[in-house]
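Here is a walk through a protein model, meant for someone meeting it for the first time. Have a look at the sequence and the fold, and then let's go through some details together.

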Amino acid sequence: LPDGRITFFDHDRRGAAMSREILERLRTSERLRAHVAALARHHLRLGFLVHERVDGVLPRPAVYRYITTCAPVELDVTLLSVADRLATRGDNAEVSIAKHLDLARQLVGDILAWRAAGPAEPPVRGDELAAALGIAPGPALGPLLAAIAEAQYVGEVTDRDEAVALARRLLASGDAE
């Protein structure tokens, strides 16, 4: 900063861009560039979730959002975040490290289960949802389908009728963004 203080603001985004640039200069594959950039971009996410736990457990919607936001590096970035956290020092470092490791253990189990089962078959296709809601197919369906997928993961939606009902509620409340 201009006053001489050193901060790490935005280092996840900048690190992703820098790693991509460096790997491009080294003529690595696009797959490796994307992987390393995603690791840099998402390595802080788990740490921010530590405070979202309820009675020591991360709520299922937050687990789903973590997995899908970090995919396809969700497992790798979880392990990287552990290494990053273990390197920290300072006041309350041991307490912070313990909380981070506890959450990482939970997420690794959830991630491995997700990978073993794969994403669930959607209860309704986009064109079917549009027809049921009486709206034109288009980009407005994306947030609705994402909300349905999350609700399905947490067990709130199990079939087509429940999916359509959820979409109707989201549209009526204006939360379909």
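Let's start with a pair of helices. The axes of helix 2 and helix 5 come within 9 Å, crossing at roughly 50 degrees. An angle of that kind falls outside the parallel, antiparallel and perpendicular ranges, so helix 2 and helix 5 count as oblique to each other. The crossing here is right-handed. On the helix 2 side, the residues that make the contact are His-35, Leu-39 and His-42, and helix 5 answers with Asp-76, Val-77 and Leu-80. Sorted by class, this contact has three nonpolar residues, two polar ones and one charged one.

Keep in mind that all of this comes from a predicted model.

Now for the whole chain. It holds nine helices and zero strands, so to speak a plain run of α-α-α-α-α-α-α-α-α when you read along the sequence. The C-alpha atoms fill a box of roughly 55 × 45 × 40 Å along the principal axes. Of the 177 residues in the chain, 33% are buried. And if you take the contacts between residues at least 6 apart in sequence, 63% of them join residues at least 24 apart.

Back to helix pairs. Helix 1 (residues 11-25) and helix 2 (residues 30-42) have axes that come within 7 Å and cross at roughly 160 degrees. Since anything over 145 degrees counts as roughly antiparallel, that is the label for helix 1 and helix 2. Their crossing is right-handed. Helix 1 brings Asp-12, Arg-13, Gly-15, Ala-16, Ser-19, Arg-20, Leu-23 and Glu-24 to the contact, while the helix 2 residues include Glu-30, Leu-32, Arg-33 and Ala-34. The residues of this contact split into seven nonpolar, two polar and seven charged.

Another pair is helix 4 (residues 60-70) with helix 8 (residues 141-154), whose axes come within 9 Å and cross at roughly 125 degrees. Helix 4 and helix 8 are therefore oblique to each other, and their crossing is right-handed. Arg-60, Pro-61, Val-63, Tyr-64, Arg-65 and Ile-67 make the contact from helix 4, with Ala-149, Glu-150, Tyr-153 and Val-154 on the helix 8 side. By class, that gives seven nonpolar, no polar and three charged residues.

Here are the three pairs in one place:

| Helix pair | Axes come within | Crossing angle |
|---|---|---|
| Helix 1 and helix 2 | 7 Å | roughly 160 degrees |
| Helix 2 and helix 5 | 9 Å | roughly 50 degrees |
| Helix 4 and helix 8 | 9 Å | roughly 125 degrees |

Next, a single residue. Is Glu-74 buried or exposed? Its relative accessible area is 4%, and buried means under 20%, so Glu-74 counts as buried. You'll find Glu-74 in helix 5, which covers residues 74-86. Its side chain is joined to that of Arg-115 by a polar contact of 2.9 Å. Setting aside neighbours within four places in sequence, Glu-74 is in contact with Tyr-66, Ile-67, Ile-111, Trp-114 and Arg-115. Ile-67 turned up before, as one of the helix 4 residues in the contact with helix 8.

For contrast, try Asp-91, which sits in the loop between helix 5 and helix 6 (93-117). With a relative accessible area of 76%, Asp-91 is exposed. Its C-alpha atom is 36 Å from that of Leu-23, and the two residues are 68 residues apart along the chain. Leu-23 is one of the helix 1 residues that touch helix 2.

Finally, some backbone oddities. Most residues other than glycine have a negative phi, and most peptide bonds are trans. Which residues does the cis peptide bond join? Look at Ala-71 and Pro-72, where omega is about 10 degrees. Pro-72 is in the loop between helix 4 and helix 5.

Arg-27 isn't a glycine, yet its phi is positive, near 60 degrees. Arg-27 lies in the loop between helix 1 and helix 2 and, at 76% relative accessibility, counts as exposed. Asp-55 isn't a glycine either, and it has a positive phi of about 55 degrees. You'll find Asp-55 in the loop between helix 3 (45-49) and helix 4, where, at 76% relative accessibility, Asp-55 is exposed.

Note on methods
Residues are numbered from 1 along each chain as its sequence is written. This is a predicted model: local features need pLDDT of at least 70, side-chain atom pairs count only at pLDDT 80 or more; totals for chains, interfaces and linings use all residues. Side-chain values use heavy atoms; hydrogens and water are left out. Axes are lines fitted to C-alpha atoms, for helices over the stretch in contact, and angles run from 0 to 180 degrees between N-to-C directions. Angles under 35 degrees count as roughly parallel, over 145 as roughly antiparallel, 65 to 115 as roughly perpendicular and the rest as oblique. A crossing is left-handed if the near helix is turned anticlockwise from the far one by less than a right angle, and right-handed if clockwise. Contact means heavy atoms within 4.5 Å. Ala, Val, Leu, Ile, Met, Phe, Trp, Tyr, Cys and Pro count as nonpolar, Asp, Glu, Lys and Arg as charged, and the others, Gly among them, as polar. Buried means under 20% relative accessible area, exposed over 50%, partly exposed in between (1.4 Å probe, protein chains only). A polar contact is a pair of N or O atoms within 3.5 Å; within protein, one must be able to donate a hydrogen and the other to accept it, and residues adjacent in sequence count only if both atoms are side-chain atoms.
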